[in-house]
Amino acid sequence: MARRREEPDLDRELADLPAELRWREWMRRVEAVLFASASPVPREDLARVVGQGASVDLLIEDLAADLEDRPYEVARVGAGWWLRTRPAYGPAIRAAADAGGQALNLAEFDLAVLAAIAVHQPIGREGLRDIFGKEIPRELIGRLAGRDLIGTGPREPRRGAPHTFVTTEAFLAAFGLESLHDLEEAEQQRDAGLAGG
C-alpha cells in the first residue's frame, strides 16, 4: 500500500496579504520547491503550495522573468519544472564544484545507442542491430537503464515478444529537454543548416 504524503499545515490562500505580496510569496514557494527537488516537479505538486486562484503557469513565467539575470533558470522538463544552471556557467562549476556525480560520462557508442533509442522508440535490440549493423550488448542496455535514461517499452508483436526500449523523464532532464519533440526540432534545424552539428 502506497504511503500518502502528509499534508503540512500550510496557509495556501494567504488572504491576509495584499494581492501583490501574496503573488510574490507564491512565487517564492514555487522557487523553494524547485530548488529543493532533485527531479522535475509537476504542476499538480506545485499547486499544493499556492492558493486556488493562482495559475502555476503564470507563477512560473514570473519566476523565470525574475531569474533572467541569474546564473540559473527555470526549465520545463517533461511534465514538470526544475531549476538548472545556465549552460554558460558549466565550465565554472566543473572547475570549482564537486559535481562529478551529475556528469553522464557515457562512451561515444553508448551515446549513439541512446540517441537511436530516443529517435526510434519504442525499439528493441533487433532494431538497434539493424541500425548499427552489429549486436548491441545487454551490458550497454543495462548501463543506460541503470542510469534511468531508458526504460522498458511495449513488447514487440513477434515470437518471444522481446521488450522494446524507450527514453525516460530522467533522459529528458539529463539533456535539458521539455519533450522528445525538442529532439525533432533540433534535428530539423541541423538539416536546414540553422544549427551547428
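The following exchange takes up some of the descriptive words used for this predicted model and asks what stands behind them.

Reader: What is the overall make-up of the chain, and which pattern does it follow along the sequence?
Author: The chain has nine helices and five strands, and along the sequence the pattern reads α-β-α-α-β-β-α-α-α-α-β-β-α-α. Of its 197 residues, 28% count as buried.

Reader: What makes β1, β2 and β3 an open sheet, and which are its edge strands?
Author: The order of the three strands is β1-β3-β2, with antiparallel pairing, and the edge strands are β1 (41-42) and β2 (72-77), since each of them pairs on one side only.

Reader: How do you know that β1 and β3 count as paired?
Author: Two strands pair if at least two bridges are found between them, and two bridges join β1 to β3, which run antiparallel; the condition is therefore met. In this pairing Val41 stands opposite Trp81 in β3.

Reader: How many bridges lie between β2 and β3, and which residues stand opposite each other there?
Author: β2 and β3 (residues 80-85) pair in the antiparallel sense over six bridges; Val77 stands opposite Gly80, and Tyr72 stands opposite Thr85. The hairpin of β2 and β3 has two residues between the strands, and Gly78 takes a positive phi near 60° there.

Reader: Why is α1 called roughly perpendicular to α3?
Author: Helices α1 and α3 (residues 56-66) pack at an angle of about 80°, their axes being 10 Å apart. Angles of 65 to 115 degrees count as roughly perpendicular, and the angle of about 80° lies in that range, so α1 is described as roughly perpendicular to α3.

Reader: What kinds of residues make up the contact of α1 with α3?
Author: They divide into nine nonpolar, no polar and four charged. Among those in α1 are Trp23, Trp26 and Leu34, while those in α3 include Leu58, Ile60 and Asp66.

Reader: What makes α5 and α7 roughly perpendicular to each other?
Author: Their axes come within 11 Å and cross at roughly 75°, and as angles of 65 to 115 degrees count as roughly perpendicular, the word therefore applies to α5 and α7. The contact is made by Phe109, Asp110, Val113, Leu114 and Ile117 of α5 together with Leu140, Ile141, Arg143 and Leu144 of α7, and its residues divide into seven nonpolar, no polar and two charged.

Reader: How do you know that the buried residues of α7 line one face of the helix?
Author: In α7 (residues 138-146), Leu140, Ile141 and Leu144 are buried. Seen down the axis of α7, the buried residues fall within an arc of 100°, so they line one face of the helix. What covers them includes α5 (108-120), α6 (125-132), β4 (150-155) and β5 (163-167).

Reader: Which residues on the other side of α7 are called exposed, and what does that word require?
Author: The residues there are Arg138, Glu139 and Gly146, and the word requires a relative accessible area over 50%, whereas buried means under 20%. Just after α7, Asp148 takes a positive phi of about 60°.

Technical notes:
Residues are numbered from 1 along each chain as its sequence is written. This is a predicted model: local features need pLDDT of at least 70, side-chain atom pairs count only at pLDDT 80 or more; totals for chains, interfaces and linings use all residues. Side-chain values use heavy atoms; hydrogens and water are left out. Buried means under 20% relative accessible area, exposed over 50%, partly exposed in between (1.4 Å probe, protein chains only). Helices (H or I, at least four residues) and strands (E, at least two) are DSSP runs, numbered from the N terminus. The arc is that of the directions from the helix axis to the C-beta atoms. Contact means heavy atoms within 4.5 Å. Axes are lines fitted to C-alpha atoms, for helices over the stretch in contact, and angles run from 0 to 180 degrees between N-to-C directions. Angles under 35 degrees count as roughly parallel, over 145 as roughly antiparallel, 65 to 115 as roughly perpendicular and the rest as oblique. Ala, Val, Leu, Ile, Met, Phe, Trp, Tyr, Cys and Pro count as nonpolar, Asp, Glu, Lys and Arg as charged, and the others, Gly among them, as polar.
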